[in-house]
Every structure is written in structure tokens, then in C-alpha cells.
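Visitor: Could you take me through the surroundings of the ligand in this one? I'd like a close look at what lines that spot, and how far I can trust the model around it.

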Amino acid sequence: MKKISLLESVIKGIQISILSVFVVVLGCSSESTPRQVETTKIDTIESIDSQSVETVISVTEETLQLYQRYCAQCHGVKGHGDGINALYLVVPPRDHTKSDYLETRTDQQLFNAIKFGGLAVGRAPCMPAWEHTFEDKMIHSLVNYIRELCNCKTL
Ligand code: HEC
């Protein structure tokens, strides 16, 4: 019995000294590196969090008003692609109630089309970019509104 406990305390002693070596090594390493690693970690976590909050953002009264103010002149009051300006565009504005097309697009593609304009997603440049008009949160909510209009999701 005594022998075993002696052995145990020897092992513990070794463990403690290994630990303290680690502490010393960590303590010696240049301070800036671990700090940088920490900040990037926090940044990533924050951006993932806000991203997931934004993607579930709901359609509010403000979304409907903005759609009427900024989108309806081309896409139509009810999103049928028959806005007052539609006649004058070379490419007809997308009908936001047509699920057979919108089902083939992901939310991210719709988001990019609204934020960066038609060209950014291989579509006509007469679909303007809204990145300087709306915050990402509002663009997500516009995507969700379009999903309501077409009553569809990505297949
Ligand atoms: C100046 C007219 C115009 C306005 C204003 C406009 N759009 Fe468009 N939009 C278009 C046209 C034209 C297309 C079709 C592009 C194509 O099919 O190549 C389009 C396409 C789209 C698409 C589909 C992109 C795709 O994958 O084909 C979405 C989503 C969209 N618009 C959302 C919006 C939203 C939201 C607003 C308001 C914030 C808006 N648009 C304002 C003209 C407009």
C-alpha cells in the first residue's frame, strides 16, 4: 500500500512539474500572438451570431413600406413584375410571385441580387444594387418578403 501511494505521489509530482513547464512556456511566448488569436475568435463568433439572427429576421410593416417605395415601380405593387417602369426596361423585372423560378434560387442569391444588383448574380444590370440604401438586416427581410410573395422556398 505504502509503495503504491509513494508511486502515486511521484507521478503527481511529475505531472505538476510538466504543468509548470507548460505555464512557463506559455508565459514566455510573445504576448501579441495569443491576443490576436483571441480577437479573431471573438469576431468570428459575433459575426456567426449576427448572421443567424439576420437570416431569421421577420417581415415587418417597414419591409412592406420599403418594398412599395423602392421596388414596386419595377416589380409591381403586388410583386407581379408589372410596375409602372417595367415597360421601359429591356429586361422585364422579375415576377416575385412566380415560384417556379424563385424555387431555383437560394436566399443568398436573392440577397446578393438585392444588395449588389442584377449583374452580381449573372442577371440584368437594370436590377439596381441597394447596398448603400439598406442595411443587411433589411435586405434579409426583403428576401423573406419575396419568399412570402412566391409562397416558396429553395428546392
Ligand atoms: C429599376 C427597376 C427595378 C427596381 C427599382 C428593382 N428591381 Fe429588382 N429586378 C429588376 C429587373 C429588371 C430584374 C430582372 C433581372 C433579370 O432577370 O436579369 C430584377 C430582379 C430582381 C430579383 C431576382 C434576381 C434574380 O435572381 O433574377 C430580385 C430578388 C429583386 N429584383 C429584388 C428587388 C427588390 C427587393 C427591390 C427593391 C429594393 C428591387 N428589386 C428593385 C428591376 C428592378
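Guide: Quick bit of bookkeeping first: Ala, Val, Leu, Ile, Met, Phe, Trp, Tyr, Cys and Pro count as nonpolar, Asp, Glu, Lys and Arg as charged, and the others, Gly among them, as polar. With that in hand, the shell around the ligand comes out as 17 nonpolar, five polar and three charged residues. That's 25 residues surrounding the ligand, and the closest are C71, C74, R123, A124 and M127. As for where the shell comes from, the elements giving two or more residues are α3, α5 (107-116) and α6 (136-150). Helix α3 is the top contributor, with five residues.

Now for trust, bearing in mind that this is a predicted model. Happily, α3 (residues 61-75) is also where confidence is highest, at a mean of 98, while helix α2 (residues 32-55) sits at the bottom with a mean of 46. Over residues 18-50 the pLDDT is below 50, and that stretch has one contact in the model beyond near neighbours in sequence. For the chain overall, the mean pLDDT is 79, with 65% of residues reaching 70 or more.

While we're here, have a peek at helix α6, which holds D136. This residue counts as partly exposed because 15 other C-beta atoms lie within 10 Å, a count between the 12 or fewer of an exposed residue and the 20 or more of a buried one. D136 is 21 residues from K115 in sequence, yet their C-alpha atoms are 7.8 Å apart in space.

Note on methods: Residues are numbered from 1 along each chain as its sequence is written. This is a predicted model: local features need pLDDT of at least 70, side-chain atom pairs count only at pLDDT 80 or more; totals for chains, interfaces and linings use all residues. pLDDT is the predictor's confidence in each residue, from 0 to 100. Helices (H or I, at least four residues) and strands (E, at least two) are DSSP runs, numbered from the N terminus. Two residues are in contact if their C-beta atoms, placed from the backbone, lie within 7 Å. A residue is near a molecule or strand if its C-beta atom, placed from the backbone, lies within 6 Å of it.
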